[in-house]
Every structure is written in C-alpha cells, then in structure tokens.
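Let's work through a few exercises together. Keep the sequence and the 3D view side by side, try each task yourself, and then compare your steps with the solution.

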Amino acid sequence: MTRITLISRDGCHLCEVAEQTLDRIAPGQWTRVEVGESMELERDYGDRVPVVLLDGKEHGYWRVEEDRLLRDMSRPAGAPRL
C-alpha cells in the first residue's frame, strides 16, 4: 500500500519540486494525483498544490517538509503524528 499521495497540477513549478523531492527521499513509495481529475479535489486542494497526503490525511502543502515526512513515515500507518 502506498502511504504517500501527492496532489499535483501539470505545469506547476512547486509540484515539480515536490515530485523531485519525493523521488529522492521516498522512491517508489508515492503516487501522483492530478488535482483537475475531480471537482472535489479541485475544491479541496486547487489553490494549495502541491499537497502531500500521508495515509490519506493532509500532511502539508506547497512544499515537502522532508524531515517531518520521513519521521512520520517511520511510524506505523494510523499512529498519531506530532
């Protein structure tokens, strides 16, 4: 099961940086979802892409907080985050 989802938009520079960061720190452990795929995603995240979800919950937006994400990924899915 993929724990990390990146909600992204084609042509978004910050999204490209986030994708590169995830490729570096979590290769093969994340999936990309295009924000324009649904009205719900566009409504919830459209003005904040890129958005990182960990275990289906929002972890951050506009940039990947590497240290925090790696720390939270080391905890079992569903464990409380600090």
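**Exercise 1. In which helix is Ala-18 found?** Then decide whether Ala-18 is buried or exposed, and list what it touches.

*Solution.* Before we start, remember that this is a predicted model.

- Step 1: Find Ala-18 in the view; it is part of helix H1.
- Step 2: Compare its relative accessibility with the cut-off. Buried means under 20%, and Ala-18 has 3%, so it counts as buried.
- Step 3: Look for its partners. Leaving aside residues up to four places away in sequence, Ala-18 touches Leu-6, Pro-50 and Val-64.
- Step 4: Try a distance. Gln-29 is 11 residues from Ala-18 along the chain, and their C-alpha atoms are separated by 14 Å.

**Exercise 2. Which pattern of helices and strands does the protein follow along its sequence?** Use it to describe the overall build.

*Solution.*

- Step 1: Count the elements: there are 3 helices and 4 strands.
- Step 2: Put them in order, which gives β-α-β-α-β-β-α.
- Step 3: Check the compactness. The radius of gyration is 12 Å, close to the 12 Å from the globule rule for 82 residues, so the protein is as compact as a globular protein of that length.
- Step 4: Add the dimensions: the C-alpha trace spans about 30 × 25 × 20 Å along its principal axes.
- Step 5: Consider the contacts with a separation of 6 or more. Residues 24 or more positions apart account for 55% of them.

**Exercise 3. Which residues make up the largest nonpolar core?** Work out where they come from.

*Solution.*

- Step 1: Recall a general idea: in soluble globular proteins, nonpolar side chains tend to be buried together.
- Step 2: Select the members. The largest nonpolar core has 12 residues, including Ile-4, Leu-6, Ala-18, Trp-30, Val-52 and Met-73.
- Step 3: Trace them to their elements. Strand S1 (4-8), helix H1 (13-25), strand S3 (51-54) and helix H3 (66-73) each supply at least two residues of this core, and H1 gives the most, with 3.
- Step 4: Look for another cluster. A second, separate core has 9 residues, among them Ile-7, Cys-12, Val-35 and Val-51.

**Exercise 4. In which strand does Thr-5 lie?** Say whether Thr-5 is buried or exposed.

*Solution.*

- Step 1: Locate Thr-5 in strand S1.
- Step 2: Read its relative accessibility, 18%, which means that Thr-5 counts as buried.
- Step 3: Collect its contacts beyond four places in sequence: Thr-31, Val-33, Val-51, Val-52 and Leu-53.

**Exercise 5. Which two residues does a cis peptide bond join?** Then inspect two residues with a positive phi.

*Solution.*

- Step 1: Keep the usual case in mind: most residues other than glycine have a negative phi, and most peptide bonds are trans.
- Step 2: Find the cis bond. It joins Val-49 and Pro-50, with omega at about 0 degrees. Pro-50 sits in the loop between helix H2 (39-45) and S3.
- Step 3: Turn to Asp-55, which has a positive phi of about 55 degrees. Asp-55 is in the loop between S3 and strand S4 (57-61), and its 22% relative accessibility makes it partly exposed.
- Step 4: Finish with Trp-62, whose phi is near 70 degrees. Trp-62 lies in the loop between S4 and H3 and, at 44% relative accessibility, counts as partly exposed.

Technical notes: Residues are numbered from 1 along each chain as its sequence is written. This is a predicted model: local features need pLDDT of at least 70, side-chain atom pairs count only at pLDDT 80 or more; totals for chains, interfaces and linings use all residues. Side-chain values use heavy atoms; hydrogens and water are left out. The radius of gyration is taken over C-alpha atoms; the globule rule is 2.2 Å times the number of residues to the power 0.38. Contact means heavy atoms within 4.5 Å. A nonpolar core is a set of buried Ala, Val, Leu, Ile, Met, Phe, Trp, Tyr and Cys residues joined through side-chain atoms within 4.5 Å. Buried means under 20% relative accessible area, exposed over 50%, partly exposed in between (1.4 Å probe, protein chains only).
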